[in-house]
Amino acid sequence: MKCFFTLFSAFLLLACSPKYTPAESVPSGRNTSRGTTEATTDAGVSGNMEESILRYINDYRRSRGLNNLQMNDAASTQAYQHSKNMATGKTAFGHDGFDQRVQNIKRTMGSGFLSGWAENVAYGQLSAQAVVKGWLNSSGHKRNIEGKYNLTGIGTYKSRNGDIYFTQIFLQK
């Protein structure tokens, strides 16, 4: 598994891209958005933090001739839980448990095949635009954003000290 750390002055980013392994899955529909609401308003972007991140990611992907990512409930649930676990200290910041998150997604999605998956995480007192910009300025994160994925799950959780923990899971069906 390849992981990349990037430290910026206000936040920490971590990207992870494991080997591509076939697995069973079926897309599950629309995100129910259980994460935080937008902490820092992004001009021109309405809705919650997860929707804003998806919009910025898809704007970038389209500018590079890539397909839009579609939000996936199973992946968003796992991303939210991971962000919550990091924010509350249940797990360390990073990718601990990523293989289990992927297995949970496969179990939830049912039949079909996943051919790849990856994950980006970050934390700080950031807007959706700032976290996406940070990921795009890091080669490992950018590689995940530009990957041959078609589904994503995004989850955020605000810690007691005001830092927001971000998890984005990328899936290829």
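1. A contact here means that heavy atoms lie within 4.5 Å, and that sense of the word applies to the remarks on cover and on sequence separation below. The model under discussion is predicted.

2. On the overall architecture, the chain contains five helices and six strands, and their order along the sequence follows the pattern β-β-α-β-α-α-β-α-α-β-β. When one takes the contacts between residues at least 6 apart in sequence, 72% of them join residues at least 24 apart.

3. On burial and surface, 53% of the 173 residues in the chain are buried, while the accessible surface comes to about 8200 Å², with 49% of that area belonging to carbon and sulfur atoms.

4. Helix H3, which runs over residues 98-109, deserves a check of its geometry. Because each residue should contribute 1.5 Å, its 12 residues are expected to span 16 Å, and the computed separation of 17 Å between the end C-alpha atoms agrees with this. Just after H3, Gly 110 adopts a positive phi of about 90 degrees.

5. As to how H3 is packed, the buried residues in this helix are Phe 98, Arg 101, Val 102, Asn 104, Ile 105, Lys 106 and Met 109, so that Arg 101 and Lys 106 are listed alongside Phe 98 and Ile 105. The elements covering the buried residues of H3 include helix H2 (73-87), together with the strands E4 (116-124), E5 (151-158) and E6 (164-172).

6. On aromatic side chains, the structure holds five aromatic pairs, and one aromatic cluster is formed by Phe 93, Tyr 123 and Tyr 165.

Notes. Residues numbered from 1 in each chain as written. Predicted model: local features only at pLDDT ≥ 70, side-chain atom pairs only at ≥ 80, totals over all residues. Heavy atoms only, no water. Phe/Tyr/Trp six-rings, centres within 6.5 Å; stacked < 30°, edge-to-face > 60°. Helix = DSSP H or I, 4+ residues; strand = E, 2+ residues; numbered from the N terminus. Expected span 1.5 Å × (residues − 1). Buried < 20%, exposed > 50% of the residue type's maximum accessible area, 1.4 Å probe, protein only. Areas by Shrake-Rupley, 256 points an atom, 1.4 Å probe, with all protein chains shown as cover.
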